[in-house]
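Here is a model to read through by question and answer. Which parts of the fold can be worked out from the helices and strands?

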Amino acid sequence: MSANPLFGGPAPRVFTLPAGAPFLRVLAQGLTRAFPEPGALADVTVLAPTRRAGRALADAFARLEGGPGAALLPMIRPIGDVDADDPPFEPGELAEAAPDAISPARREFELARLILQRETAAGRSMSAGGALALAGDLARLVDDLATAGVRDLSALDGDIRAALPGHRQEAALFLDIILEAWPARLAELGLVDPAERRSRLLSALAARWRETPPPGPVIAAGSTGSIPAAAELLAVVARLKQGCVVLPGLDTAMDQAAWDEIDDTHPQRAMKALLARLDLDHRAIPVWPGAEPGARQAARARVIAEALRPARATGDWLNQVRAIEAGRDDDAFAQALEGLSLIEAPAPAEEARAIALALRETLETPDRRAVLVTPDRGLARRVIVEMQRFGVTLDDSAGAPLSDTPPGAFLMRLLEMALDPGSALGFIALAASPLFALGQARATLSVELMALERWTLRGRRPGHDWGALRRKVETARLPDMIEPQRARWLAIIDRTLTAMAPLAALKGDHPCADWARALAETAEALAGDDGQPGAERLWAGDAGEAAAALVRAFLHEAEALTALSLHDFAGALLEAARGRMVRQRAGGHPRLQVLGPLEARLISADRVILAGLNEGVWPAPAKADPFMSPGMRARAGLAAPEQRFGLAAHDFAQLACLPEVILTRSTRVDGAPTVASRWLWRLQTLARGALGGAADAALAPSTDFLAMARQLDDPGARNSVKPPEPRPPLAVRPRALWVTDISTWVRDPYAIYAKHVLGLRELDPPDQAPGDAERGQAYHTAFEVWVKSLGRASDLPRDAFDRLMTAGRDALLDAGMPEAMLGLELARFERAARFVMAWEGERRRAGFLPEIIEKTGELWIEGAPGGPFKLSARADRIDLRPDGALDIIDYKTGQAPSAKEAGAFFAPQLALTALIAAQGGFEDCPRHEPGDLMYLKASGGKDPGEECSIVKAPGTDEASDLMRDAREDLVDWITRFDDPDTGYPSQPRRKWVNTYGAYDHLARRKEWASAPGESGDGGGS
């Protein structure tokens, strides 16, 4: 063993594995060569940075041709997650040096309790969810202090704290928890913080090996020593007789001037500090045996290193470019960029699609592997969805928050329904979960639930109590063919309310354990289906286990929190669920991976895609410490937040040096321009300085994935979407319409086709809040009730205004206006009422009396090619004039159509209503010619009301002429659409459009209206 080449040099022994080499495979090969004797590797201890890296190293040994068997592998242990009960420790050896660590959940609950106590003492209130959020930040600060080995914060007291501005003074008071309350609580519990325990274990191991070196070889590989305790251990390993350290991607070619300028943001910062601790020159560090880089790999590593050169040393860039070219062909720089390409997409959707195509292309070659690395989880999810079009399933190694998984979302929705029991939307959201089964087959129940929602739960909110949903279903108006289903729907509501009883029974404040127990009982009762109990369905799988662990934490570890209301408990549970990531343990593609930068450390693949390279994404901005200012952190001995940039830069540099790398970014996100990542910008700048105009071509991918992505979903690649113009058979075309439909028919024939031929109706949203439509309905109802109460008297009674206000209040309540809004709404209605009362009194005194109020009339149009056509109208009001003519009046609370629109047959409602009246279509209304056609606008706004006549000279033949013109236009329109060759275009005129557009999405208007060469007009004239 003494002749082993790894330990032949003087201590401290440090190697580097050059960037671009497959770290774990080359490490495994080197160890196999260094310990060729049978069983020799079993005596070796390898310290890997993380458990993931350790598992990957074991896999690398297994894939080696002729490699050692599983029983002969070295002992692989993680530095970042060392355990006192695992070798090289003996059981119980370090019990005193490293007490058990407090669980993360227990720690957050305990810290939240201390925060709430502090806020209460200060005379302020804070929700439990808010306290848990702050507890997470406080826990991270505790870990930072433990990682940095800081145990004395006395330097923060006195002058430095007094010099802080006011807002920082308030935040700094939370440090009292860290300085006093938290250490005392941990001592009481006999526990320590996880980071503190890790530091103690690493320090204890370093001390033990310093005094008593281990009998076998020790190799510490892949760690940069960014954790002080880990750096201490690495220093000890490097000095062991049979020990060495292998650094990932140390830049041994960097000149001393640049090395001296390395700061916290540089990828070599941590390794520079470690080498300084060991008193070693970076240029003298040898390469790991068998890892000598090839010419192209060395050139790539040099170019990436120069791109990330310390800012103060970039003035030497031109000399460095010449040095790269020295002794090589003229295109050495371009050769260094071979295999490195850049995709700049216009938006994240195109970026994700291009990435998906690059991943899919990798699968065309057997055994080739590809890895997508990005910190942008939204982009990762987009790529996963895009891959589904190719039938490829990917899993994001970063996982998803528990709150976004089916079990987590089910628990959240259940609490939301308990908080808002009368909400139809809350019930619909809960019932939409695949875990909602009520003891039935989910597939069968889903059909019933869709019908229940469609026929009974849409529209106005049912109420605010547990019985409101049942009343809504009981009183819903159902067609005769649907009525038999009401009993089954009531049974669904009843079973749901019965299952919710444990939560509904708890009133006021209760301990977290009570709420958690009631939540679990309710969830299990709702989740059981016809074949599985609720507990088996709800808590199954990775997400179910995580949800069960969360509920257990609130059952057994949240006693530190005081009694909470349901609202506070729900907020606390949601905050905790958001902070728990659920990672799938299996089910992804064997040759494709989606990783975060942390998970990708030391990983290699045939193709690596580094995505989301925008500033603020990768690297992510330094997170502000809510409790300590940068000066306070420096005074306390904590690392600067910018050190995270250095770690992220090292991850990027290691991955960018691999043989085939695709860099991607979006130039715009949410419509706003983005800035390229500082690393990418530097690489492009360096390339353009070296290659000039050829730089962009050198970084262009060999396959234009972005062009392929555009073609994939480009309508021009297939048949372009054209404006629809369906031509249904004459037999199914409508033969009866309301006068309000005629305006829609003229403006948007496709809407008539969708509504009357296809039978589609726009659905109201659940829990529909009262708005303009409901206000208008209430005003119509109030005016109807009021005018009917007045009879045909020529003078208004003394209490006319009070009657109108009473009718208005009742109508607004019936329309669903909540009591909280009634004061505002009644003030508005009062302004409209005063205008209407003055208008009504003036008309009655002049002899204009109401003839019919809110009545329906109809008229058959004969002689059309398709047969008789029925025209119907619901008249708000028709008054008899002193001269015997009729005034057609329609109430409006919004904008009234203009006379121009009415004359052009784009708003023929009043004229066609007059036609029906003149032909005797309204019962109890004389067959008289019209004298006036008017809209009575009563909005109650700044202008409370206005009489809007579309007749310039009321009382003349003008109104009759408008009526006859409207009849002729209607007959022409009916005749036109009785031709089977006439289609129903979507909004064929740009100006005179249907402003509501309820069927525009069905007509795909946004696609064809914005297509090249389209004016936005459809067919028709």
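**Helix, sheet and crossings**

Student: At about what angle to β6 does helix α31 (residues 705-712) run?

Tutor: Helices (H or I, at least four residues) and strands (E, at least two) are DSSP runs, numbered from the N terminus. Contact means heavy atoms within 4.5 Å, and α31 lies across β6, β11 (607-610) and β12. Axes are lines fitted to C-alpha atoms, for helices over the stretch in contact, and angles run from 0 to 180 degrees between N-to-C directions. Relative to β6, α31 runs at about 35°.

Student: How far can the model be trusted, and what is the mean pLDDT of the chain?

Tutor: This is a predicted model, in which local features need pLDDT of at least 70 and side-chain atom pairs count only at pLDDT 80 or more, while totals for chains, interfaces and linings use all residues. Residues are numbered from 1 along each chain as its sequence is written, and side-chain values use heavy atoms, leaving out hydrogens and water. pLDDT is the predictor's confidence in each residue, from 0 to 100, and it stays under 50 over residues 1015-1021. In the chain, 91% of residues reach 70 or more, and the mean pLDDT is 87.

Student: Which strands stand at the edges of the five-stranded sheet?

Tutor: Two strands pair if DSSP finds at least two bridges between them. The open sheet has parallel pairing and the order β6-β12-β11-β7-β10. Each edge strand has a single partner strand, so one side of each is left without a neighbour in the sheet. The edges are β6 (340-345) and β10 (592-595).

Student: Which residue of β12 is the bridge partner of Leu340?

Tutor: β6 runs parallel to β12 (residues 661-666), and six bridges join the two. The partner of Leu340 in β12 is Val661.

Student: Why is α1 called oblique to α2, and at roughly what angle do they cross?

Tutor: Angles under 35 degrees count as roughly parallel, over 145 as roughly antiparallel, 65 to 115 as roughly perpendicular and the rest as oblique. The axes of α1 (residues 23-34) and α2 (residues 51-63) come within 9 Å and cross at roughly 60°. That makes α1 oblique to α2, the crossing angle being roughly 60°.

Student: Is α19 (residues 442-457) roughly parallel or roughly perpendicular to α21 (residues 486-499)?

Tutor: Their axes come within 10 Å and cross at roughly 105°. That makes the relation of α19 to α21 roughly perpendicular.
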